[in-house]
Amino acid sequence: MDYYRECLRSALLGILVACGGCGGSSERRAEAPQPQAAVGAKPASEPPAVSESESQAPKKSEADAPKREWRRSLADLLQQTDEESRAEGEAPFAAPPLPDIDESRLAAAGIRKLEGTHLTLYTDLPPQPAIDELPQVFDLAVPQWSAYFGVDPEDTEDWRLRGYLMERKEPFAATGLLPGDLPPFLHGFNRGHEVWLYEQPSDYYRRHLLLHEGVHGFMKSHLGDAGPPWYMEGMAELLGTHRWEDGMLTLGWFPQTREEAPMWGRVKIVQDDFAANRGLSLGKVFEMGPQAHLELAPYGWSWAAAAFFDGHSRTREAFRSLKEHVHRDEPEFSARLRESLAAEWPKVMEEWQLFVANIDYGYDLARAAVVYGPGSPLPPEGTTITLAADRGWQSSGVEVEEGRSYTISASGRYTVAQTPQPWWCEPNGVTIRYHDGLPLGMLLGTVRAEGFTDGSVSAFLNPGAIGLGRTIRAPATGVLYFRINDSPAELADNGGALTIHIH
Ligand SMILES: [Zn+2]
């Protein structure tokens, strides 16, 4: 709904928006929240009747009004009508009825119809398996969305979207399936129970786009709203990013390789932005306004945030409970997430930084999660610890003092890869392969001081090479952490442990 208002505002301001980027990037949802009386036979061509609904509806109390500070002027008025309709006890979302279609004209225009349980898809593309199976893919997605959002499957039995997959716009415009009041878009657009999709250059990305728009439609229909932009687009990205193999659909899939998701590009967005010093803190992601997603990059960041929160055991539960609060917008919505994680929040911010700095296909959030732990001063005789080879940073339990010297020695045989056979490794690493400029498997260390804040740079981003042994002068007072040098996407095939002695 919010996006509809923004589109309408843009249109009224005479701003032609060149919706950017790949895919999910260009849709702005247009579920019209107006009172039913304002809905004509062709809802797609009738924007909400602002003045009418304003005059008809009672005011909602200020105390209940969500804060939507970044919206102004007409957008505010449109929001008001939405809140007013809720105050009247209407369902928060009421999609306009689908327009009638003169099926007889479609065949002549070269448009065929593919029918599923939850999706009717009209397309001018010739028959081919990757197109014709789309309703089947969509039907497999619906129960997964229901499960994710805790929606009773019975409530989705009659839920249907109508999709238009267009190789050429003209046949759809000529038959009324592409109404003239849609804002310009490059790839996909969802309004009410309809989605418009342009043909994409990869089977993966075509499916992704359909699922992305489907998530928007599902959330609006079954949750009544979709939250602020980062969450709304993040969820559509999270639950649109998939694996489709042998008739099995897996949603919320973290692509393991670039080849798995041709033209998707979300990982690359974050990598490139980070490399160009445009990395975003979580706070900046939360602040994305309704116009942010007219560009491509915010889709990468929204996906990354959702994938991080949903994939990390520290944040998963709090993140998933946000679905209860999709009527709230920034800053209330994200404040709720912060508050529910409370004391954990500095770690969340730090691990986000680590994730962004090292993001890659197959990033293993579970294994790369920092094993935090308090430290105590080193006893006079020193101490010996064990370090798992298949995890990211792990606390040594030793607190070092700034300026004091410590000698670290390490031993052990462990594996850092399994193909074509186990790669055995010792703490100096293997020199036949490098990661981040150092031998794969080499022991690394860092000192983490307490007090991570939004402006901090994590000590985990600046590790030092330890190898078989080294004397270090502690750069700060803090806990000594270790890991072996490996990609966070390739921890699962490691095995064994190192023994580290600190004195
Ligand atoms: Zn979207």
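The exercises below, each with a worked solution, concern a predicted model.

Residues are numbered from 1 along each chain as its sequence is written, and side-chain values use heavy atoms, with hydrogens and water left out. Because the model is predicted, local features need pLDDT of at least 70 and side-chain atom pairs count only at pLDDT 80 or more, while totals for chains, interfaces and linings use all residues.

**Exercise 1. The open sheet**

Task: Establish the order of the five strands in the open sheet, and state which strands stand at its edges.

Solution: Helices (H or I, at least four residues) and strands (E, at least two) are taken as DSSP runs, numbered from the N terminus, and two strands pair if DSSP finds at least two bridges between them. On this basis the order is β8-β10-β19-β16-β17, with mixed pairing. The edges are held by β8 (376-377) and β17 (464-465), each of which has a single partner strand, so one side of each is left without a neighbour in the sheet.

Turn next to β19 and its partners. Strand β16 (residues 443-448) pairs with β19 (residues 478-484) in the antiparallel sense over six bridges, and here Gly 445 stands opposite Phe 482 of β19. Strand β10 (residues 394-400) is likewise antiparallel to β19, over four bridges, with Glu 399 placed opposite Val 479 of β19.

The last step is burial, where buried means under 20% relative accessible area, exposed over 50%, and partly exposed in between (1.4 Å probe, protein chains only). Seven of the seven residues of β19 are buried, so this strand is largely enclosed by the rest of the structure.

**Exercise 2. The largest pocket and the second largest cavity**

Task: Describe the lining of the largest pocket, and then that of the second largest cavity.

Solution: The search runs on a 1 Å grid over the protein atoms alone: a cavity is a set of points where a 1.4 Å probe fits but cannot get out, a pocket is an open set with protein on both sides within 12 Å along at least five of seven lines, and lining residues have an atom within 4 Å of a point. Grid points are joined across faces, edges and corners, and a volume is the space filled by probe spheres set on the points.

The largest pocket holds about 430 Å³ of space. It is lined by 25 residues, of which Asn 358, His 435, Asp 436, Arg 483 and Pro 488 are the closest to its centre. Two or more lining residues are given by each of α10 (266-275), α15 (345-358) and β19, and the largest share, three residues, comes from α15. To classify the lining, count Ala, Val, Leu, Ile, Met, Phe, Trp, Tyr, Cys and Pro as nonpolar, Asp, Glu, Lys and Arg as charged, and the others, Gly among them, as polar; the result is 15 nonpolar, six polar and four charged residues.

The structure holds two cavities of 30 Å³ or more, and the second largest has a volume of about 30 Å³. Its lining includes Phe 308, His 312, Glu 351 and Tyr 363. Here α15 gives the largest share, three residues, and by class the lining has seven nonpolar, one polar and one charged residues.

**Exercise 3. Local backbone features**

Task: Locate the cis peptide bond, and characterise the surroundings of Asp 246 and Asn 277.

Solution: The cis peptide bond joins Thr 419 and Pro 420, with omega about 0°, and Pro 420 belongs to the loop between β12 (414-415) and β13 (424-425). Asp 246, in the loop between β6 (242-245) and β7 (248-251), has a phi near 50°, a positive value in a residue other than glycine. Asn 277, in the loop between α10 and α11 (282-286), also has a positive phi, near 60°. Asp 246 is exposed, with a relative accessible area of 76%, and Asn 277 is exposed at 73%.

**Exercise 4. Asn 190**

Task: Is Asn 190 buried or exposed, and which backbone oxygen lies 3.0 Å from a polar atom of its side chain?

Solution: Asn 190 is found in strand β4 (residues 188-191) and, at 0% relative accessibility, counts as buried. The backbone oxygen is that of Glu 194. Gly 163, 27 residues from Asn 190 in sequence, is 9.0 Å from it in space, C-alpha to C-alpha.

Technical notes
Polar contact = N/O pair within 3.5 Å; in protein donor to acceptor, adjacent residues only side chain to side chain.
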